Amino acid sequence: MSANGAEPRKHTISVLVENKFGVLSRVAGLFSARGYNIESLSVGETLDPSVSRMTIVVSGDEFVIEQVTKQLHKLIDVIKVNDLTDDSHVERELVLIRVNAEPQHRAEILRTADIFRARVVDVTPVSFVLETTGDEGKIEALIELLRPIGIQEVVRTGKIAISRGPKSRVKRAPEARRPRVSDDPRVVGFAD
Amino acid sequence: MLECLKREGVDIIFGLPGGAVLPIYDALYDFEGLRHILVRQEAAAGHAAEGYARATGKVGVCLVTSGPACTNLVTALQDAMMDSIPIVAFTGQVPTHLIGNDAFQEADNVGITRSATKHNFLVKDGKDLGPIIREAFHIAVTGRPGPVHVDLPKDILVKEAELIWPEKVVMRSYNPNYDGHPGQIKRAAKAMLRAKRPVLYVGGGVISSNANVELRELAELTQIPVTTTLMGMGAFPSEHPLSLEMLGMHGTYYANFAVHNSDVLVAVGARFDDRVTGRVDAFAPGAEIIHIDIDPSSISKNLKVDVPIVGDCRRVLRGLIDAVKQEKEEAGALEARRAWHAQIAEWKKAQPLRYEWSDDVIKPQYVIQEISNLTRGNAMIVTGVGQHQMWAAQYYKFTQPRAWFTSGGLGTMGYGLPTAMGVQAAHPGKQVINIDGDGSFQMNSQEMATCFAEHLPVKTVIINNAGHGMVRQWQRIIYKERYCAIDLPQIPDWVKLAEAYGCVGLRVTKPAEVVPAIEKMLSTPAPVILDVIVDKDECVFPMVPAGGANTDMILAPPSRETREKAEKSQTGF
Ligand SMILES: Cc1cc2nc3c(=O)[nH]c(=O)nc-3n(C[C@H](O)[C@H](O)[C@H](O)COP(=O)(O)OP(=O)(O)OC[C@H]3O[C@@H](n4cnc5c(N)ncnc54)[C@H](O)[C@@H]3O)c2cc1C
Ligand SMILES: Cc1ncc(C[n+]2csc(CCOP(=O)(O)OP(=O)(O)O)c2C)c(N)n1
């Protein structure tokens, strides 16, 4: 993060909304009307069926993100807006990848899948469909490894994120971060 | 539904019927206690509701049918959105089982109005009607006011349903904050007292929160000069010694210079619009900025603010008055403040608003001055959009809030006449004057019929410069006099048009005729069009070319040098 916040970066914003007709179009409309870029958006019910949670990944500098959160909050159906980016939280995304599976590549694909804890959920004579979840770094690493073999199609859910708990219980000491694949090319496995 | 409106305190509806809302009109037939004003085009219903809302502070209501009626209404909704005006608009919709089938006169009403409203509703069940109407009115007037749209499928209007009427509106997702943070108020009070060159920059929020009394008390207590935005005119008397009048693109020299040189700028219910700031990095460059606004997203949107206070103007100003009274004035500040007033007086003397007098052709500014004199600043003034609008803001001497109606944010030509109808309907006994342009007036002149039929004696003064004057001014100053698509030949004959609508038409062409004609207009009980043929070469000055700094303002018809300077700036309406 740059010192003055002027550099654009990705933010993960968690939004609680009334589960009402048209609420998704209000949120999506806000982003298009104000020219903000949504990288991903996912929606689902919460424990309370009258409330949905949207997880939005948006990129911008601090100025833009401040406006995004204020504008989201201004929507009448929005109950709560939480920028998780700098709080302790866990993020995951589910991805389905259909990859070419010629006989000479099958073993390699399965090995790679195993390392990434991806499952093979469909098989044809010429393709596999792999399923995996993880954070962005892991998913990107898997895609990069499969790319030379020939990916036919990738379908991603978009990121979802959950905070690690009430703020008062979050340990203040910064925990050592596991290097991500993109950070460290030697790391090939994940502990999750 | 009509019962709901009545419970919300509605007394007037502006509307135009059609198939999808006929059940409501059928109920209106013998419903007591609601006046319906039949307009001639749906946008006019929306603007009239805006006029009613701005005049009274209550929610304005309009009712139109589905499809084309709703699309006609959109301009008025967006206008109310930009200017934060509380209206509730009802539209008809095809029956629920036909929605999405491209049925007759179907349009995706809520889809279309979504970005032009503060909130909108599609009623899908008759039992929701009461609660939705209640929420719609609540949302429209609370927090930052704005338009709310309710779409009513025809089957909902026909089916019997139990009326559910919640006593209180409780919404977990919408709870505007009215009280400013006490710590921030204290910080602001200290900064105001410490300031050597402070200015209060006051906008439409002071009008909508009825905070003019508090504003005046604070200004007089602290001796801080006050400038108002186009939307804030009337929040502070134009002729008060502390008044700097309007700032911004067509603001006064002294307002713009005072703001530019200020060390503390207190923005009250104003939103740092680009027509006010000019080039943002050159706006009040040395000032500590305090910003009072009920909408958190207004704060630090265009310009970084040092002391944000989220809250209602009226309450926060009251808090500031108390805080200022408790704090002690800093010793040096008072002395410096005297020098500041002297400096401002000098600017006022050197660069007052001015124009060149002529004995032969009527100067538009002169017409406004005489309207101001003859009404003693007490009339309700409505405008179209263009040069005449700016001259009205500059030369009318405002004495009170809720007496100035203009389309600021959207700049909607055609706003004048229908809005004036709404104002007149709200205040039947008051003098309502629509100062309009010949271009703007034509965009809704059909409403003369409504004025006649509904006994709304609106007075329209057309500042007739035979063209789109404001566009002409830009083409003259910024586009090297390459005039294109601005001429409006003197058609129609406005006097005859007035008569065709059963109203009174007057025309003047010489300066000496202006006063008698205005007097005659004011004493006529019917709607009047006064056609004033003015000097078409007149420009609005001062003028800050869009994208320029406010101190780069042009004060007189352009020399070659200013023209070159202007060319370099960005342009746009
Ligand atoms: C041709 C043309 C030329 C123009 N030239 C100029 C010009 O020279 N100068 C100028 O000033 N304007 C000019 N305008 C108007 C300009 O475009 C804006 O509409 C205007 O400046 C906005 O005024 P405002 O800042 O008072 O905000 P408004 O639009 O009135 O907004 C009100 C603000 O107050 C807040 N608010 C509302 N209610 C409350 C409350 N209860 N408590 C606290 N806050 C509240 C709102 O959140 C909002 O931020 C021009 C327009 C046109 C069409
Ligand atoms: C609906 C709409 N269309 C176009 C414009 C652009 N525009 C701004 S001022 C203006 C000319 C206004 O002419 P007139 O009403 O005669 O007023 P004048 O400037 O001559 O006083 C135009 C076309 C606008 N503001 N609104």
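This is a walk through a predicted model, from chain A to the two ligands held by chain B and the core of that chain.

Let us begin with chain A. It contains four helices and nine strands. If you follow the chain from its N terminus, these elements come in the order β-α-β-β-α-β-β-α-β-β-α-β-β. Chain A has 192 residues, and buried ones make up 38% of them. One residue to pick out here is A:G150, which sits in the loop between α4 (136–146) and β8 (151–156) of chain A. A:G150 has a relative accessible area of 15%, and because buried means under 20%, A:G150 counts as buried. For a sense of distance, try finding A:D77 as well: A:G150 and A:D77 are 73 residues apart along the chain, and their C-alpha atoms are separated by 44 Å.

Now turn to chain B and look for ligand 1. Around this ligand there are 37 residues, and those that come nearest are B:T229, B:H250, B:R271, B:D293 and B:D312. What kinds of residues make up the shell around ligand 1? By class, there are 13 nonpolar, 17 polar and seven charged residues.

Several polar contacts can be picked out at this ligand. The side chain of B:R271, already met among the nearest residues, has an N or O atom 2.7 Å from an oxygen atom of ligand 1. At B:S298 the side chain again takes part, with an N or O atom 2.9 Å from an oxygen atom of the ligand. With B:I294 the partner is the backbone: one of its polar backbone atoms is 3.2 Å from a nitrogen atom of ligand 1. On its own, ligand 1 has 990 Å² of accessible area, and the protein covers 97% of that.

Which helices help to build this shell? In chain B, α9 (204–208), α12 (274–277) and α16 (387–395) each supply at least two residues. Helix α9(B) gives the most, with three residues. Helix α12 of chain B is also the place of B:V276. Is B:V276 buried or exposed? With a relative accessibility of 8%, B:V276 counts as buried, because the cut-off for that word is under 20%. You can also look from B:V276 to B:M246, a residue 30 places away along the chain; the two C-alpha atoms are separated by 9.3 Å.

The next stop is ligand 2. This ligand has 17 residues around it, and the ones that come nearest are B:Q387, B:G411, B:G439, B:S440 and B:G469. The shell of ligand 2 holds five nonpolar, 11 polar and one charged residues. Here, three contacts involve the protein backbone. A polar backbone atom of B:Q387 is 2.8 Å from an oxygen atom of ligand 2, and a polar backbone atom of B:S440 is 2.6 Å from an oxygen atom of the ligand. B:M470 also joins in, with a backbone N or O atom 2.8 Å from an oxygen atom of ligand 2. Of the 590 Å² of accessible area that ligand 2 has on its own, the protein covers 78%.

Three helices of chain B, α16, α18 (438–442) and α20 (469–477), each supply at least two residues of the shell around ligand 2. Helix α16 is one we have met before, since it also supplies residues to the shell around ligand 1.

Helix α20(B) deserves a pause. It is mostly covered, with eight of its nine residues buried. Among the buried ones are B:G469 and B:M470, along with B:W474 and B:Q473. B:Q473 has a relative accessibility of 1% and so counts as buried. Its side chain has a polar atom that lies 2.8 Å from the backbone nitrogen of B:V540.

Finally, look at the largest nonpolar core, which has 72 residues. Those with the most contacts inside it are B:L265, B:F283, B:I371, B:I433, B:V461, B:M521 and B:L530. Helix α11 (residues 253–261) of chain B provides the largest share of this core, six residues. The core also draws at least three residues from each of two domains of chain B, domain 2 (182–350) and domain 3 (364–533).

How values were computed. Residues are numbered from 1 along each chain as its sequence is written. Chains are lettered from A and ligands numbered from 1 in the order in which they are written. This is a predicted model: local features need pLDDT of at least 70, side-chain atom pairs count only at pLDDT 80 or more; totals for chains, interfaces and linings use all residues. Side-chain values use heavy atoms; hydrogens and water are left out. A residue is near a molecule or strand if one of its heavy atoms lies within 4 Å of it. A polar contact is a pair of N or O atoms within 3.5 Å; within protein, one must be able to donate a hydrogen and the other to accept it, and residues adjacent in sequence count only if both atoms are side-chain atoms. Accessible areas come from the Shrake-Rupley method with a 1.4 Å probe; for residues, only the protein chains shown count as cover. Ala, Val, Leu, Ile, Met, Phe, Trp, Tyr, Cys and Pro count as nonpolar, Asp, Glu, Lys and Arg as charged, and the others, Gly among them, as polar. A nonpolar core is a set of buried Ala, Val, Leu, Ile, Met, Phe, Trp, Tyr and Cys residues joined through side-chain atoms within 4.5 Å. Buried means under 20% relative accessible area, exposed over 50%, partly exposed in between (1.4 Å probe, protein chains only). Domain bounds come from an automatic or database domain assignment.
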